[in-house]
Amino acid sequence: MAPALIRSHEDLVQYHVSDGSPVEANPPRGYVERYIHSEIYKRYPTINSVVHSHSKAIIPYGITGTSTPVFDIAKHYQADDIPDLLIRNTRLGEALASQFAHSDANEDGTQGESARPAVLMRGHGVTITGTRIEEAVFRAIYMQDNAEIETTSLLLRAAHPSGPNEGSIIQYLSPEEAAGAAGMTQWAWERAWALWIKEVEAVSIYSRE
Ligand SMILES: [Zn+2]
């Protein structure tokens, strides 16, 4: 069922991380794309929350390409796959999960692996990770806001190419500013989370049994 229609714990269905199969016998029909979640949890032990979205503000960046990695499912289809862009099995889920891999130096100098915050999915949407549910939700909401800001900036620049800063393209954050802002926003979800809970409680479509 749609997330907003969940009324109690009875509506939640558990799946095994190992293969996305249901824990209980005879479960209700589930989301086919649950393998996105199971394969990311399987590969990255520090990730405890995964958001998959079809945000229309973000999808264009997966079509045109940007510096954020883009997963192109067409490179992974096999003959018996339905080419409908959906992550329908563990093999496609594993291929998507591998695109999150980011190598890091461990304290002992060896190379380790962590998960990127987000990977775009061509013509489909985006998948976002977090070490906790609040972090993943925060990233999902602000990634959408940032996509809207970037699109508006690109449109303004295209509409006024000879305005101030003539000849320049969009002025993005420098790598130093991006790193500084990441530190500043690391715990920013704490303030937003309490507000979002109040907002959900205030909307009548969400209710508890
Ligand atoms: Zn999807």
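**Strand S5, its partners and the zinc site**

Strands S2 and S5 pair in the parallel sense over two bridges, where strands are DSSP runs of E of at least two residues and helices are runs of H or I of at least four residues, both numbered from the N terminus, and where pairing requires that DSSP finds at least two bridges between the strands. This is a predicted model, in which local features need pLDDT of at least 70 and side-chain atom pairs count only at pLDDT 80 or more, whereas totals for chains, interfaces and linings use all residues. Residues are numbered from 1 along each chain as its sequence is written, and side-chain values use heavy atoms, with hydrogens and water left out.

**Strand S5 and its neighbours**

- Within the pairing of S2 and S5, valine 70 has leucine 120 of S5 as its bridge partner.
- On the other hand, S5 and strand S6 (residues 125-130) pair in the antiparallel sense over four bridges, and valine 119 stands opposite threonine 127 in S6.
- Three residues separate S5 and S6 in the hairpin that they form, and glycine 123 in the turn has a positive phi of about 65 degrees.
- In a regular strand the side chains alternate between the two faces of the sheet. In S5 (residues 118-121) both faces are covered, with Ala118 and Leu120 buried on one side and Val119 and Met121 buried on the other; buried means under 20% relative accessible area, exposed over 50% and partly exposed in between, with a 1.4 Å probe and protein chains only.

**The zinc site**

- Glu33 (OE), His52 (NE2), His54 (NE2) and His124 (NE2) coordinate the zinc ion at 1.9 to 2.1 Å, donors being N, O and S atoms within 2.8 Å of the metal (3.2 Å for Na, K and Ca); water is not among the atoms, so sites may look incomplete.
- The arrangement is tetrahedral because the four donor atoms subtend angles of 98 to 135 degrees around the zinc ion, the criterion for four donors being that all angles lie between 85 and 135 degrees.
- Histidine 52 in strand S1 (residues 49-53) and histidine 124 in the loop between S5 and S6 are 72 residues apart, a pair that links distant parts of the chain.
- Histidine 124 counts as buried because its relative accessibility is 8%.

**Aspartate 72**

- Aspartate 72 lies in the loop between strand S2 (70-71) and helix H3 (90-98), and it counts as buried because its relative accessibility is 19%.
- Its side chain makes a polar contact with the side chain of arginine 122 at 2.7 Å, a polar contact being a pair of N or O atoms within 3.5 Å; within protein, one must be able to donate a hydrogen and the other to accept it, and residues adjacent in sequence count only if both atoms are side-chain atoms.

Methods: Four donors count as tetrahedral if all angles lie between 85 and 135 degrees; four count as square planar and six as octahedral if opposite donors are over 155 degrees apart and all others between 65 and 115; anything else is irregular.
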